[in-house]
Amino acid sequence: MCNGCTSSFNYYIRGVGFLLMEILSPLARLRASFLTLGRSLLSSRRLISRSMASESVTRFDFLVIGGGSGGLAGARRAAELGATAAVIESHKLGGTCVNVGCVPKKVMWNTSTHAEYLHDHEDYGFEGAKAHFSWQLIKRKRDAYVSRLNQIYLSNLEKAKIESIHGYARFTDDPEPTVEVNGKKYTATHILISTGGHPSTVSEDDVPGAGLGITSDGFFELESCPKRSVIVGAGYIAVEMAGILSTLGSKTSIIIRQGGVLRNFDALISSNCTKELQNHGIDLRKNTQVKSVQKTDKGLTVTLVTKDPDVKDAEDKLDTIHEVDCLLWAIGREPSTAGLNLSQIGVKLDEKGHIMVDEFQNTTRPGVYAVGDVCGRALLTPVAIAAGRKLAHRLFEGKADSKVDYNNIPTVVFSHPPIGTVGLTEDEAIKSWGKDNVKAYTTSFTPMYYAITTRKSQCIMKLVCAGKEEKVVGLHMQGFGCDEMLQGFAVAVNMGATKADFDRTIAIHPTSSEELVTLR
Ligand SMILES: Cc1cc2nc3c(=O)[nH]c(=O)nc-3n(C[C@H](O)[C@H](O)[C@H](O)COP(=O)(O)OP(=O)(O)OC[C@H]3O[C@@H](n4cnc5c(N)ncnc54)[C@H](O)[C@@H]3O)c2cc1C
């Protein structure tokens with residue numbers, strides 16, 4: 001465009017702008033008056049609630065207790081749908097996942113995969129690649145990242161006009177469900193409990209000296225890499241922590257009560273993961289429990305007791321591990337419900353303290369809901385997030401059938417190598433479909449990455465198929481890259497893909513994932 005044209009065009013635009021302003025400013029004023037009216041209606045709503053109760057009670061459409069994965073997701077979606085919302089958090093925004101779970105764990109797993117790759121550098125031609133590892137450096141960077149996320153979560157709440165209340169919430173004995181935080185009372189048409197859980201601990205009565213150990217929360221406070229670690233537990237957190245510590249150079253033992261880790265996974269995964277831990281040089285003590293722990297000048301002395309279940313009347317065998325500088329209890333998690341005063345409002349708990357909910361996340365008290373770990377089902381961040389969002393759509397968008405489908409939830413264990421799994425285990429499939437209607441396809445191979453390395457690791461895969469049409473009802477794998485491989489296959493399983501659908505898909509070569517579409 002020529003200069004003259006540009007200036008006359010600019011004048012034209014400015015002219016149109018003034019004209020629009022003339023038309024729009026009364027509209028804008030009208031909108032502002034509506035907003036003011038809205039705000040005064042809101043405050044009068046609060047005033048009404050104040051005058052109704054003897055004490056002051058602040059009222060919202062949606063009140064969320066617990067600013068973790070489920071609570072934040074539910075509150076933000078509710079606010080998007082026009083609800084006035086508040087989140088009460090006693091600790092740090094983001095909850096377990098951000099502060100002491102998925103996020104810092106994945107940073108440490110990434111760190112430990114670097115330690116693994118370092119072993120392969122020479123095999124790939126990088127001669128003399130020696131590196132000094134600084135736990136302090138990665139901890140500093142990890143903590144800074146977590147703090148940034150805490151800040152982002154706070155500003156997301158502010159942007160969404162969600163009130164953020166810092167403090168511990170407890171239900172009062174008011175007739176309408178009401179919570180008290182730092183002496184102030186809050187209520188809402190809908191109250192969501194998303195208080196998550198915390199690591200289980202062992203009492204000193206059961207194991208003298210148990211308190212000298214830490215839990216997964218304490219793992220993230222370690223200022224240096226322990227020289228000698230003992231991890232107690234056989235679940236995914238125990239497996240992940242043992243893998244990280246061992247790979248980063250800590251001499252690690254894992255103490256399991258039975259014969260293998262991950263016993264609620266498919267049997268192939270459980271046995272392979274148990275073997276992989278040992279292949280990685282982890283000292284795995286089966287059928288063993290901690291008897292006592294003592295503190296000495298040189299660290300902890302952990303006394304173990306082992307009983308062989310296959311030998312009738314077998315005697316207890318005692319053993320000790322000395323100079324332990326990290327004893328980590330990873331023996332499960334408990335719901336954070338004890339301090340909420342839930343019996344007061346008629347919210348029922350199961351025998352383990354989880355909140356009992358129906359498929360729509362309704363508790364036994366109308367108007368009070370629960371999502372996430374506190375319900376004790378599929379303890380995973382994306383599950384808590386999905387449940388929070390689905391609930392918001394049901395309550396504030398009128399989507400009456402909005403609920404989470406708890407079938408086929410994919411999950412990854414960040415072990416070494418990682419595990420990916422979705423759907424039924426082979427045993428579960430046999431239970432629901434009958435032995436004759438279930439066929440499992442398995443494979444085991446060395447991924448090409450290891451073709452030229454001294455360090456070797458296998459990849460194992462299993463497809464569990466059911467019925468005449470061989471619907472894929474379960475997919476389980478452990479090996480290099482399985483963590484990133486799973487999500488797409490989970491879509492296929494969720495859509496009801498059959499073995500023939502898998503076979504019809506052209507393989508991607510050379511990858512490990514191609515094995516899943518060429519199984520015979
Ligand atoms: C070591 C570890 C690793 C994990 N790794 C993964 C992973 O890789 N992938 C994955 O999907 N999941 C992982 N998880 C699980 C995941 O972190 C949880 O499933 C998820 O955080 C659950 O979200 P939630 O909203 O139910 O509870 P949380 O995130 O636990 O949030 C609950 C919040 O409520 C607050 N709170 C509790 N009581 C009160 C109260 N009375 N008043 C106010 N606030 C209260 C707590 O402070 C907390 O912030 C991991 C967990 C751990 C421990």
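The following dialogue concerns a ligand site, two helix pairs and some backbone features in a predicted model.

Modeller: Residues are numbered from 1 along each chain as its sequence is written. This is a predicted model, in which local features need pLDDT of at least 70, side-chain atom pairs count only at pLDDT 80 or more, totals for chains, interfaces and linings use all residues, and side-chain values use heavy atoms, with hydrogens and water left out.

Biologist: What makes a residue one of those that surround the ligand, and which are the closest?

Modeller: A residue is near a molecule if one of its heavy atoms lies within 4 Å of it. By that criterion 37 residues surround the ligand, and the closest are Gly-70, Glu-89, Thr-96, Lys-105 and Asp-373.

Biologist: How do you know that Thr-96 makes a polar contact with the ligand?

Modeller: A polar contact is a pair of N or O atoms within 3.5 Å; within protein, one must be able to donate a hydrogen and the other to accept it, and residues adjacent in sequence count only if both atoms are side-chain atoms. A polar side-chain atom of Thr-96 lies 2.5 Å from an oxygen atom of the ligand, so the pair falls within the cut-off. Backbone atoms also take part: a polar one of Ser-69 is 3.2 Å from a ligand oxygen, and a backbone N or O atom of Thr-381 lies 3.0 Å from a ligand oxygen.

Biologist: How much of the ligand's accessible area does the protein cover?

Modeller: The protein covers 94% of the 1,000 Å² of accessible area that the ligand has on its own. Such areas come from the Shrake-Rupley method with a 1.4 Å probe; for residues, only the protein chains shown count as cover.

Biologist: Which element gives the largest share of the shell around the ligand?

Modeller: Helix H3 (95–100) gives the largest share, four residues. Helices (H or I, at least four residues) and strands (E, at least two) are DSSP runs, numbered from the N terminus.

Biologist: Why is H2 called roughly parallel to H9?

Modeller: Axes are lines fitted to C-alpha atoms, for helices over the stretch in contact, and angles run from 0 to 180 degrees between N-to-C directions. H2 and H9 pack at an angle of about 30°, with their axes 7 Å apart. That angle makes H2 roughly parallel to H9, because angles under 35 degrees count as roughly parallel, over 145 as roughly antiparallel, 65 to 115 as roughly perpendicular and the rest as oblique.

Biologist: Why, then, is H4 called oblique to H7?

Modeller: Their axes come within 8 Å and cross at roughly 40°. H4 is therefore oblique to H7.

Biologist: What makes Leu-262 notable in its backbone?

Modeller: Leu-262 has a positive phi of about 50° although it is not a glycine. Leu-262 is found in the loop between strand E9 (251–255) and helix H8 (267–279).

Biologist: Which residues does the cis peptide bond at Pro-417 join?

Modeller: The bond joins His-416 and Pro-417, with omega about -5°.
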